[in-house]
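Visitor: Please take a close look at the place where the ligand sits. Then follow the chain outward from there.

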Amino acid sequence: MAGSTPADAGEGADEGGRGSGTVGTRPASAAPGPAGLPLLGNTLAFLRDPVGFYDELAAYESDVVAYNIAGDDGYMVRHPEAIQRVLVTDASDFRRAQITQDSLGQVADGGLFLNEGEQWQRERTALQPAFYRDRVETYAEMMVRYAEQRADAWRGRDAVTVSDEMRTLALEVLTKTLLDVDIRGRESEIGDAAERLTANFDAGTVSAFLPMWVPTPQNRRAKRALAAFDSTIEDLVAQRRAGEGDPEDLLSILLDVEFEDGTGLSEQDVRDNLFTFLVAGHETTALTLSYACMLLANHPDAQAKLHAELDAVLGDEAPTAANLFELGYLGHVVDEALRLYPPAYTVFREPTTDVTLGGYDIPAGSIVTLPQQVVHRDDRWFDDPDAFRPERWAEDRDRPEYAYFPFGGGPRHCIGMRFALMEAKLVLATLARCFAFEPGTEPPIDLSMQLTLQPSEPISVALTER
Ligand code: HEM
C-alpha cells in the first residue's frame, strides 16, 4: 500500500485523480493512502478513531484511496461515476464484502441483506410487494397516530432526548406495520437486541473485530439480547400461524411465500429476515429523525420556513400521505439531514473479478468502500458542504446522480426507502406542527461508526409548544 500524504496525492494526481479523465490504468498498490505499520497496516489508526480515519482518507485529493485494516486491502472510492458503476452498471461484478458477512453473519445465517445470488433474487421479488407505494401509503395514518401519541407525551416537557424517543417510536411503527403487533410496553425484547448489536459492531472497539463466541461482557450482553429477541419472534410466528394478524403484511408474506419450485422459506429464513428488517428498518429511520430535529433546533430560519409551510398546507389537520406532495420544504429538510448524517454511512462491496475504478486496477477480493459520509460533503458537488441548507435541494444544480446515495443504489438499493422517507416526513411534520425545537445538542457533534452512524452522546432538543 502506498504511504503518501494527502498533499503528495494532490500534486501528483493524474489518472484516477479528482476530476481527471482516465488515461491508462495503474495497479491499486499505487493508489495514495496513509502509511501503515508492518502487518497491522492502518488497523490501530482506525481503531483509535474511525471517524478521524475516514476524514484522513477523505483528505487525499484522489478518488481512490488505499488502506489496510485487519489484513484486508481496502479502497475508498468516492467519485460518483465510479460509485454508480459499482452499485448499478457493473453490479454483477461485485458482492457484499466478506467483512459484512463475517460480522453480521454471526447473528443471521441469511436474510435479504446478507443473501447473494438466486436466493437473494427470489426473496427480494417475494418481499417487494410489502414495500409497493400503494401498500406503504396504507401505513401513513398509523405512522401519524403513533407520532401524535408521542407528541401528547411530550406536552409539558421542556426538553426531550430525541435519539431515545425516535428509536422507540420507529420500532413501534415498524413492528405495527410490518408484523401487525403492538409492542408498546414490550419494546425492550426487540429494541435491546438491535441496540446491543449496533454497539457490538462499533468500529472503534476491539469487539467489532472479535467473533461473538469470545466471552467478552459485551458479547455476553449481545447474546442474551439476541436470545430474548428470538423467543419474541417465535411467539409472533406462532400467533400468526394460529391465524391472527394482517394477512398482507411482511410477516404473512414471509410465512406464506411459495417459490417457483414449490418451496418456501424455512423457519430460520423467516427469523433471519425478521431480524434483518427490524435492525435495518428502525435505527436508520430513528437517526434520520433525530438528526433532523437537532438540525432544525439549531437553524431557526429553516425551522421557521418549515412551520410556515406546515401551517399553510395543513392548517389544523394532521398530515396525510397525499399532503407530502405539497410539503416540498419538509422533504428537503429530510434530504438534507440524510446528506449530512447518512445513517448508513458506507456501502461495502467486494469485486468478484479484477476491476478498474477511477483509473486503478483493483483486485478481486479486496474491499471497496463507498462512503456516503464523505461523498455527501464533497465540495465538488455541494456548495458550502458542511452547512445545513435544505433550500439547496430546490436549486437548479447539476451534480452526478451518485453524489448523493443515502439508500445505496442499483439492484440492492434499500427496499425500505419509500417506507423510511414517508415515515420520516410524516413524523417530523406531526411533531413540528406541535412544537418548536430549540437548541439542546448543538452541532458539530462527535459521531460513532457502529452498524449505523450514531451520535456519541444522546441527542436532545428543548421544546416549546406551538
Ligand atoms: C433512513 C432510513 C434508511 C436508510 C438510510 C437505509 C439505507 C440503506 C442502504 C444504504 C442500503 C444498501 C446497503 C448496501 O447496498 O450494501 C439498505 C439496504 C436495505 N435496507 Fe435500508 N435504509 C433505511 C431504512 C430501511 C427500512 C425502513 C427498511 C425496512 C423496513 C430497510 C431495509 C433494508 C433492507 C432489507 C436492505 C437490504 C436490501 C437488499 O440487499 O436487497 N431499510 N438500506
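**The ligand site and its surroundings**

Guide: The protein chain has 17 helices and 13 strands. Keep in mind that this is a predicted model. The chain holds 466 residues, and 55% of them count as buried. Take the contacts between residues at least 6 apart in sequence: 73% of these join residues at least 24 apart.

Now the ligand. It is surrounded by 28 residues. Arg 96, Trp 120, Arg 124, Arg 349 and Cys 414 are the closest. By class, 17 residues of this shell are nonpolar, seven are polar and four are charged.

Where does the shell come from? Five elements each supply at least two of its residues: helix 6 (117–127), helix 9 (162–179), helix 13 (267–297), strand 6 (347–351) and helix 17 (417–434). Helix 13 gives the largest share, with six residues.

Start with the iron atom of the ligand. Its single donor from the protein is the SG atom of Cys 414, at 2.3 Å. Cys 414 belongs to the loop between helix 16 (372–375) and helix 17. Its relative accessibility is 29%, so Cys 414 counts as partly exposed; buried would need a value under 20%.

Next, the oxygen atoms of the ligand. Three arginines reach them with polar side-chain atoms. For Arg 124, an N or O atom of the side chain is 2.8 Å from a ligand oxygen. For Arg 349, a polar side-chain atom also lies 2.8 Å from an oxygen of the ligand. For Arg 412, the distance between a side-chain N or O atom and a ligand oxygen is 2.9 Å.

What about cysteine pairing? A disulfide is a covalent bond between the sulfur atoms of two cysteines. The count of disulfides here is zero. Cys 434, for its part, has a relative accessible area of 14%, so this residue is buried.

Stay with the loop that carries Cys 414. The loop between helix 16 and helix 17 also holds Phe 388. Phe 388 has 8% relative accessibility and therefore counts as buried. Leave aside its neighbours within four places in sequence. Phe 388 is then in contact with Leu 295, Leu 296, His 299, Ala 302, Val 333, Glu 336, Ala 337 and Leu 340. One of these partners, Val 333, is 55 residues from Phe 388 in sequence, with the two C-alpha atoms 8.7 Å apart in space.

Asp 384 sits in the loop between helix 16 and helix 17 as well. At 52% relative accessible area, Asp 384 passes the 50% cut-off and so is exposed. The backbone of Asp 384 deserves a check: phi is near 45°, a positive value in a residue other than glycine.

Leu 39 shows a positive phi too, about 65°, although it is not a glycine. Leu 39 lies in the loop between strand 1 (26–27) and helix 2 (43–48). With 87% relative accessibility, Leu 39 counts as exposed.

One more backbone feature. The peptide bond from Pro 443 to Pro 444 is cis, and its omega is near 0°. Pro 444 is in the loop between strand 10 (435–438) and strand 11 (447–449).

Two buried residues in helices complete the tour. Thr 100 is part of helix 5 (residues 98–104). Its relative accessible area is 11%, so Thr 100 is buried. Not counting residues up to four places away in sequence, Thr 100 touches Gly 105, Phe 113, Leu 114 and Phe 348. One of those partners, Phe 348, falls within strand 6 (347–351), an element that supplies at least two residues of the ligand shell.

Ala 222 is in helix 11 (residues 217–241). Ala 222 has a relative accessible area of 1% and is therefore buried. Ala 222 and Val 107 are 115 residues apart in sequence, while their C-alpha atoms are 9.7 Å apart in space.

Back to the ligand, then. Cys 414 is the single protein donor to the iron atom. Arg 124, Arg 349 and Arg 412 each place a polar side-chain atom by a ligand oxygen. By class, 17 nonpolar residues belong to the shell, and helix 13 supplies its largest share.

Key
Residues are numbered from 1 along each chain as its sequence is written. This is a predicted model: local features need pLDDT of at least 70, side-chain atom pairs count only at pLDDT 80 or more; totals for chains, interfaces and linings use all residues. Side-chain values use heavy atoms; hydrogens and water are left out. A residue is near a molecule or strand if one of its heavy atoms lies within 4 Å of it. A polar contact is a pair of N or O atoms within 3.5 Å; within protein, one must be able to donate a hydrogen and the other to accept it, and residues adjacent in sequence count only if both atoms are side-chain atoms. Helices (H or I, at least four residues) and strands (E, at least two) are DSSP runs, numbered from the N terminus. Ala, Val, Leu, Ile, Met, Phe, Trp, Tyr, Cys and Pro count as nonpolar, Asp, Glu, Lys and Arg as charged, and the others, Gly among them, as polar. Donors are N, O and S atoms within 2.8 Å of the metal (3.2 Å for Na, K and Ca); water is not among the atoms, so sites may look incomplete. Buried means under 20% relative accessible area, exposed over 50%, partly exposed in between (1.4 Å probe, protein chains only). Contact means heavy atoms within 4.5 Å. A disulfide is a pair of cysteine sulfur atoms within 2.5 Å.
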